[in-house]
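Colleague: Could you walk me through this model, one question at a time? I would like to hear the reasoning behind each answer.

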Amino acid sequence: MSYIVVFTGEIRTHFERRKAIAALGGEFGLSFSQIKALMASSRSQLKKTADRAEACRFIQKLWNAGWHSRLYLDSELIHCSKTSVENGGSPLPVVMGKLQCGDSQLLLCAPRNWVPCDNLNPNAEIQVGNTDLNRYLIVLAQKRSELPVTLSLTDYADAQMQQCLAKVSDGRLVSGPKALERAWQTGLLYEMCANVGNDSVQYMVAFFQGKMSFYTLFLWTSLQSFAQAKVEFIQIVATFQASEEGVTTTENKGSAVIAV
């Protein structure tokens with residue numbers, strides 16, 4: 001999965017056009033012909049990286065130079081500075097904070113307005129959410145030593161999804177499996193719906209394989225809110241890493257701390 005910064009050719013309101021164009025040469029080292037080509041296009045890719053922080057810094061640099069931009073995660077649009085500002089939001093992508101858990105060495109980030117929860121699943125390595133928006137995440141781990149040696153991630157994910165759909169009321173698969181390809185890790189992504197009490201809920205479910213464990217990420221919200229929440233969910237899934245090096249911490253299993 002890659003973050004892609006796209007130059008839209010749109011100048012910030014009240015920003016002087018001459019200075020903005022000059023900044024493309026001075027701040028980004030672009031030649032006259034490169035600037036001309038950028039101005040002639042409404043969707044020019046300027047940066048592609050697996051590092052979200054690096055992509056955000058590049059967007060900040062474009063913003064300071066007077067330009068709007070868009071941020072994609074592969075083909076999924078996750079931020080548009082112009083749209084965000086027009087809707088009263090930030091010109092920059094949402095700030096993500098690290099989620100730290102206890103028994104396994106997991107790296108996962110979520111928006112800074114998400115907080116730790118302690119009542120979602122007692123077996124979760126991480127459980128957090130945004131209670132105001134009714135968006136939640138849990139991360140479950142299963143040791144591979146407890147499973148057949150030959151079990152693949154594809155087979156594990158398929159079996160888990162079948163169990164999930166069978167356990168919930170009116171469960172149905174919406175999409176998946178979709179491969180999540182990254183240089184350091186491969187995963188599988190699904191979406192499913194179910195009824196929880198009187199509420200219709202939609203889930204994004206991601207599976208990853210670590211050296212010692214399989215990991216499952218469940219992210220969910222109400223069915224009617226899922227389309228809006230999906231962009232945020234995809235950003236969270238994209239940050240997941242498992243590096244099981246045997247390092248111990250003092251955090252309790254099931255707890256999560258959002259750190260800077």
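**A walk through the model**

Modeller: Let me begin with Pro 177, which has its place in strand 10 (residues 169–181); strands here are DSSP E runs of at least two residues and helices are H or I runs of at least four, both numbered from the N terminus. This is a predicted model, in which local features need pLDDT of at least 70 and side-chain atom pairs count only at pLDDT 80 or more, while totals for chains, interfaces and linings use all residues. Residues are numbered from 1 along each chain as its sequence is written, and side-chain values use heavy atoms, with hydrogens and water left out.

Colleague: Thanks! Which form does the peptide bond from Gly 176 to Pro 177 take, and what is its omega?

Modeller: Pro 177 belongs to strand 10. The bond that leads into Pro 177 from Gly 176 is cis, with omega near 5°.

Colleague: Asp 170 lies in strand 10 too. What is its phi, and is Asp 170 buried or exposed?

Modeller: Asp 170 is not a glycine, yet its phi is positive, at about 55°. Buried means under 20% relative accessible area, exposed over 50% and partly exposed in between, with a 1.4 Å probe and protein chains only. At 55% relative accessibility, Asp 170 therefore counts as exposed.

Colleague: And where is His 14, and is His 14 buried or exposed?

Modeller: His 14 sits in the loop between strand 1 and helix 1 (17–26). Its phi is positive as well, about 70°, although His 14 is not a glycine. With a relative accessible area of 82%, His 14 is exposed.

Colleague: Let us step back to the whole chain. How many helices and strands does the protein chain have?

Modeller: The C-alpha trace of the protein chain spans about 65 × 45 × 35 Å along its principal axes. Of its 260 residues, 46% count as buried. The secondary structure comes to six helices and 15 strands.

Colleague: What share of the contacts with a separation of 6 or more comes from residues 24 or more positions apart?

Modeller: A contact means heavy atoms within 4.5 Å. Among the contacts in the protein chain with a separation of 6 or more, residues 24 or more positions apart account for 58%.

Colleague: How far apart do the centres of the positive and negative side chains lie?

Modeller: Lys and Arg count as positive and Asp and Glu as negative, leaving out His and the chain ends; each charge is placed at NZ of Lys, CZ of Arg, CG of Asp or CD of Glu. The protein chain has 25 positive and 23 negative side chains. The centres of the two sets are separated by 10 Å.

Colleague: Why does Cys 56 not form a disulfide with Cys 109?

Modeller: A disulfide is a pair of cysteine sulfur atoms within 2.5 Å, and a search of the whole structure finds zero of them. Cys 56 is buried, at 17% relative accessibility. The closest cysteine sulfur to that of Cys 56 is in Cys 109, too far for a bond at 11 Å.

Colleague: Which cysteine has the sulfur closest to that of Cys 193?

Modeller: Cys 193 is buried, with a relative accessible area of 6%. Its sulfur is 13 Å from the closest cysteine sulfur, too far for a bond, and that sulfur belongs to Cys 164.

Colleague: On to the rings. How many aromatic pairs does the structure hold?

Modeller: Rings of Phe, Tyr and Trp (its six-membered ring) pair if their centres lie within 6.5 Å; planes under 30 degrees apart count as stacked, over 60 as edge-to-face and the rest as tilted. The structure holds eleven aromatic pairs.

Colleague: How are the rings of Phe 7 and Trp 67 arranged, and how many residues apart are they?

Modeller: Phe 7 and Trp 67 form a tilted pair, 4.9 Å centre to centre with 55° between the planes. The pair links Phe 7 in strand 1 (residues 3–11) with Trp 67 in strand 3 (residues 67–73), distant parts of the chain that are 60 residues apart.

Colleague: Which residues form one aromatic cluster?

Modeller: The cluster brings together Phe and Tyr rings. Its members are Tyr 156, Tyr 190, Phe 207 and Phe 214.

Colleague: Last one: what distance separates the C-alpha atoms of Phe 240 and Arg 70?

Modeller: Phe 240 lies in the loop between helix 6 (226–238) and strand 14 (241–242). Phe 240 counts as buried, at 0% relative accessibility. Arg 70 is 170 residues away along the chain, and the two C-alpha atoms are separated by 22 Å.
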